[in-house]
Amino acid sequence: MSQVAETPQAVAQDGSYDGLRLRALTKSFGSFHAVKELDLDVPRGSFFALLGPSGCGKTTTLRMVAGLETPTSGTITLAGNDITYAKPYRRPVNTVFQSYALFPHLDIHENVAFGLKRRKSSDVDRQVQEMLELVELEAQARKRPAQLSGGQQQRVALARALINRPEVLLLDEPLGALDLKLRRSMQIELKRIQVDVGLTFIHVTHDQEEAMTMADTVAVMNAGVIEQMGAPADLYENPRSTFVANFLGQSNLIEGRITQRASDVVTVEMHGIGVSIPAGRAHADGDMGWVGIRPEKVLIGEPGEALDAPGNTIPGGVISDVSFVGVSTQYLVRMPWGQEIQVFAQNTGRRRLFRQGESVELSWRPEYAFLLDHAQDAAAGAQKEDV
């Protein structure tokens, strides 16, 4: 399967490319293809995220870059050098794992200094001091790992990897063991550190918020291939597949028949209602498609109320569920054709809350909608609730 997105990083086909380049990278375990002919360029100095569900191939890709898995076929080059079959310790690459893997019998200073001392580097103490300042742990230098919090231990593991000045730092679900509040503060910290040191970070995660908060570029992986790649806002606002639309946030996908294509707009008949989609956000080839709209882009009002979203007004809805979640109220609205539409309404206090069973109208601005190929599964990528 080819990538859905254009990949602007795919430049300079010769050895002059100074970033990380994967070409036709494949990893098979018997008849199972974990990674399928992956082409990917990661520019030097960027923060890049591989995002996807368990089993999509993202960790296998990372392990091949680290030298912990041998590719079945394809090539890996870094700064113009072929490292496809190089031993892990011969690669200018370091990995930070979820488990931290710190030495419990060494203090923090000694943990961070470990790699430099093995290489008999000079001026070790100064380098360690600078690195501990970078991760804001200079006051903890003589403590053991067990005396630190999970977030502090994660920063020690980061400092120990960064002090070796790798060409690429690989982060394998590094925040997965932290609680939600700490994870969010560490997301900001990781991005700050990456900007400060200017190294290439490749971050593997299944957490969409993590990827979108930190990365310059996100590649969404599914079943061993990249579905779409680009800036986080571009992927969210203009997904090119149902998998990306559902995996990155939540989407309402409504079946429709394409009635007209113009240079700037595509018109769709959606259960008897005409809606329009900008041509640059229409990714359906046939006569049928899925009209997509994010829940927070849908406005909700009483029947006949003038809503600030000219162009697409959908009458006949009935509130089937109301969830107050503080910053917003999440509604499920059953439409005349039987489908429930999600609406996230910001709690600004400017309008009243609707109650279950009330009749409403929905509306959205045409420029926020997108159109996806009807041949794709409308449920692909949707997060399953734990039972």
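Okay, a bit of vocabulary before anything else: a helix crossing is called right-handed if the near helix is turned clockwise from the far one by less than a right angle. Keep that in mind, as helix 4 passes helix 5 in just such a right-handed crossing. And yes, what we're looking at is a predicted model.

Let me give you the overview, then come back to that pair. The protein chain has 387 residues, and 50% of them are buried. It carries 8 helices and 21 strands. The C-alpha trace spans about 75 × 45 × 35 Å along its principal axes. If you like contact statistics, take the contacts between residues at least 6 apart in sequence: 67% of those join residues at least 24 apart.

Right, back to the helices. Two packed helices get described by the angle between their axes and the distance between the axes. So what are those values for helix 4 and helix 5? Helix 4 is residues 150–162, helix 5 is residues 180–197, and their axes come within 11 Å and cross at roughly 20°. That makes helix 4 roughly parallel to helix 5.

Who's touching whom? On the helix 4 side we have Gly151, Gln154, Arg155, Leu158 and Leu162, and they meet Leu182, Met186, Glu189, Leu190, Ile193 and Val197 of helix 5. Sorted by class, that contact has 7 nonpolar, 2 polar and 2 charged residues. About the spacing of those numbers: an α-helix has 3.6 residues a turn, so residues three or four places apart point the same way.

Now the sheet that goes with helix 4. It's an open one with 6 strands in the order 6-7-8-3-9-10, and the pairing is mixed. Strand 6 (93–97) and strand 10 (225–230) stand at the edges with a single partner strand each, so each has one side without a neighbour in the sheet. From one strand to the next, the twist averages 20°. Further in, strand 3 (residues 47–51) and strand 8 (residues 200–205) run parallel, joined by 5 bridges. To pick out one residue pair there, Ala49 has His203 in strand 8 as its bridge partner.

Helix 1 packs on this sheet as well, touching strand 3, strand 6, strand 7, strand 8 and strand 9, and its direction makes about 145° with that of strand 7. Helix 4 lies across strand 6, strand 7 and strand 8, at about 175° to strand 6.

Stay with helix 1 for a second: is it enclosed or open? Well, 7 of its 9 residues, in the stretch 58–66, are buried, so it's largely enclosed by the rest of the structure. The buried ones include Lys58, Thr60 and Thr61. Just after the helix comes Gly67, with a positive phi near 90°.

Last stop, another open sheet: 6 strands again, ordered 13-12-11-15-21-14, with mixed pairing. Its edges are strand 13 (273–278) and strand 14 (282–283); each has a single partner strand, so one side of each goes without a neighbour in the sheet. Strand 13 pairs with strand 12 (residues 265–270) in the antiparallel sense over 6 bridges, and Thr267 has Ser276 in strand 13 as its bridge partner.

Then look at strand 15, residues 288–293. 5 of its 6 residues are buried, so it's largely enclosed by the rest of the structure. It pairs antiparallel with strand 11 over 6 bridges, where Ile254 stands opposite Val291. It also pairs antiparallel with strand 21 over 4 bridges, where Trp290 stands opposite Leu372.

Conventions. Residues numbered from 1 in each chain as written. Predicted model: local features only at pLDDT ≥ 70, side-chain atom pairs only at ≥ 80, totals over all residues. Heavy atoms only, no water. Axes fitted to C-alpha atoms, helices over the stretch in contact; angles between N-to-C directions. Helix = DSSP H or I, 4+ residues; strand = E, 2+ residues; numbered from the N terminus. Parallel < 35°, antiparallel > 145°, perpendicular 65-115°, else oblique. Contact = heavy atoms within 4.5 Å. Nonpolar A, V, L, I, M, F, W, Y, C, P; charged D, E, K, R; others polar. Buried < 20%, exposed > 50% of the residue type's maximum accessible area, 1.4 Å probe, protein only. Pairing = 2+ DSSP bridges.
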